[in-house]
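Student: Please take one part of this model and go through it closely. Start with how the helix packing is defined, then build outward from there.

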Amino acid sequence: MDSYKNLDIEKIIEGLDGQVFESTGKHLSKAEIAIIKGAWNGQDYQEIAANSGYNMHYLRTAVGPNLWTMLSEVIGDGVQIKKATVKNVLLEIVKKDYLNKNDSLIGKTKIYGELPKINLFYGREKEINYLKNQIKLFKHHCVYLFGSAGTGKTFVAAKIVEELLLEEPNSYDCVIWKSINYGSSLEDVLDEIIKVLNLKIENKSREFKLGLILDQLKIYRCLLILDGLEGLAQIEVFEKKIECGNLFRRLIEEQHQSCIIVTSQLPLDQIAYTATTLLPAYVQIQGLEENAAMQILRKKDLKGEKECKKLIKIYRANPSLLELVANRINKFFGGDISKFLDYKTTLISENILKMLNQQFGENGLLNDIQKQILLCLAEHTSEELPPLKFSDVINIIRGKNNCEISISNMMDAIEVLEQRCLIEINQKSAKDEVSYSLEPAIRKYILVDPLSLIYKNFNSSNNKLNGLKASNHIQE
């Protein structure tokens, strides 16, 4: 079954003709249009000739080769277009136009809020297909994407919206995209959704507002995207976690025909207390697969497979970090990766800085023992040094504090750090003791302590460490 059968090929060709004219000064000929339509419908040249009245040999040898060469230059984006691939290329253009212009190219879905512009997108097919199946086949009311900053959760969510709208035109009445700022309250989020839906209410309780929104999700089929749920996180305020938990319980348990897509840097149970057995469909968004990461670097004209792979390893295939480091290498080193690597510096992107500031801040998301663990790993591991065994972490922290440390508290703290993707786990087999390390960007942040959030807080803490100083192996 063709998921794109409802697309208007005439309108697509009209848009393509405009691009061709803008680039070449000429419009598509009737023969060229016939070939494009035939390729879209999966026809061979004989079928195209029979349907169009043109000679098959003329279409195959005189028109086709020049058409594919011209289209490769106009819309190929560095890729050679052929008859077998032109449909996929046109579909990508359709997707970008639909989300960027929000026109009626496919269906009449109303879009509220500012959807992110997807200019380039690499990989993530497995995650996207899994989540689409959860929404379409298993009718999940809520899907939850979480992972470290910069891994592309927002763009994955946007891509899912894009695919759903293309594959099921007119099946959704509206898309509501709500980006959540750090420090927002649940009340703020509900008020903004109500405002978007143009519902007129004043001085009503939170439960009333939530009920009103749920009524809309029952009446209309909506895609509601809550992007950046970590903005609501108040880890130590249990009442706030209960409030968020009640929100998700009702969104998941109550019967409606809509779907909520959530992105967050934190697992749901660290933001909301969810006493429900009907949990969302979860996906953890991690670094890209190597092939997708290589595409980013090649797009930036970086060369040398060995050097590119080294960059991918250092920056853990995090797309935002790879974009940053590629741009800096081009700007300062003329694209020479080896020269950049000689300086052994580690770059940190703005979104990762923001995430770590939120974690380590005075009213941040990390407790004292979690900070001690991270500092211990920063000072005693590196790319050259082996990971630290769990027992060694305990002994080092005990030595610095000159007191006993609760092992159960250490285990709880380690598990939270694992879930937030702040530490890396190393275990060759289930019978080996687990070891831990840090990715270079996080290690540098801790040791450099750019905003004096780490050592200052330890020095003023009731459980302060004795004589904490960054070790001499800090790399710029």
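Tutor: An axis here is a line fitted to C-alpha atoms, for helices over the stretch in contact, and the angle between two N-to-C directions can run from 0 to 180 degrees. Keep in mind that this is a predicted model.

Start with the helices. Two packed helices are described by the angle between their axes and the distance between the axes. Helix α11 covers residues 290-299, and helix α13 covers residues 319-333. Their axes lie 9 Å apart and meet at an angle of about 25°. Angles under 35 degrees count as roughly parallel. α11 and α13 are therefore roughly parallel to each other. The crossing of α11 past α13 is right-handed.

Now the parallel sheet. Strands of a sheet pair through backbone hydrogen bonds, either parallel or antiparallel. Six strands build an open sheet here, with parallel pairing. Their order is β1-β3-β4-β5-β2-β6. β1 and β6 (281-284) stand at the edges with a single partner strand each, so one side of each has no neighbour in the sheet. On average, neighbouring strands of this sheet are turned by 15° against each other, direction ignored.

Look closely at β4. Strand β4 spans residues 222-227. On one side, β4 pairs with strand β3 (residues 174-179) in the parallel sense, over six bridges. S179 stands opposite D227 in that pairing. β4 is also joined to strand β5 (residues 259-264), again in parallel, by five bridges. There, L226 stands opposite V262.

Why does β4 count as largely enclosed by the rest of the structure? Buried means under 20% relative accessible area. Six of the six residues of β4 are buried, so the strand is largely enclosed. In a regular strand the side chains alternate between the two faces of the sheet. In β4, both faces are covered. C222, L224 and L226 are buried on one side, and L223, I225 and D227 are buried on the other. D227 thus appears twice in this picture: buried in β4, and opposite S179 of β3.

Just before β4 in sequence comes R221. R221 lies over the face of Y172, at 4.3 Å from the ring centre. A second charge of this kind belongs to K83: its charged end sits over the ring of Y45, 5.5 Å from the centre.

Go to the edge of the sheet at β6. Four bridges join β2 to β6, and the two strands run parallel. F146 stands opposite Q284 in β6. F146 is also part of a ring cluster, linked through ring pairs with Y144 and Y282.

That leads to the aromatic rings. A pair of aromatic rings is described by the distance of the centres and the angle of the planes. A search of the whole structure finds seven aromatic pairs. One of them is Y54 with Y58, which is stacked: the centres are 6.2 Å apart, with 25° between the planes. Y54 is partly exposed at 29% relative accessible area. Y58 is partly exposed too, at 39%.

Next, the backbone in two loops around the parallel sheet. R124 is found in the loop between β1 (110-112) and α6 (125-136). R124 is not a glycine, although its phi is positive, about 70°. With 6% relative accessibility, R124 counts as buried. K139 lies in the loop between α6 and β2 (142-146). Its phi is also positive, near 55°, in a residue other than glycine. K139 is exposed, with a relative accessible area of 54%.

Last, the antiparallel sheet. Three strands form an open sheet in the order β7-β9-β8. The pairing is antiparallel. β7 (388-389) and β8 (424-426) are the edge strands, each pairing on one side only. β7 pairs with strand β9 (residues 435-437) over two bridges. One contact to look up: K389 has S435 of β9 as its bridge partner.

M411 sits in helix α18 (residues 407-419). M411 is partly exposed, at 43% relative accessible area. C-alpha to C-alpha, M411 and I394 are 10.0 Å apart in space, with their positions 17 residues apart in sequence.

Notes. Residues are numbered from 1 along each chain as its sequence is written. This is a predicted model: local features need pLDDT of at least 70, side-chain atom pairs count only at pLDDT 80 or more; totals for chains, interfaces and linings use all residues. Side-chain values use heavy atoms; hydrogens and water are left out. Buried means under 20% relative accessible area, exposed over 50%, partly exposed in between (1.4 Å probe, protein chains only). Two strands pair if DSSP finds at least two bridges between them. Rings of Phe, Tyr and Trp (its six-membered ring) pair if their centres lie within 6.5 Å; planes under 30 degrees apart count as stacked, over 60 as edge-to-face and the rest as tilted. A charge sits over a ring if NZ of Lys or CZ of Arg is within 6 Å of the ring centre and within 35 degrees of the ring normal. Angles under 35 degrees count as roughly parallel, over 145 as roughly antiparallel, 65 to 115 as roughly perpendicular and the rest as oblique. A crossing is left-handed if the near helix is turned anticlockwise from the far one by less than a right angle, and right-handed if clockwise.
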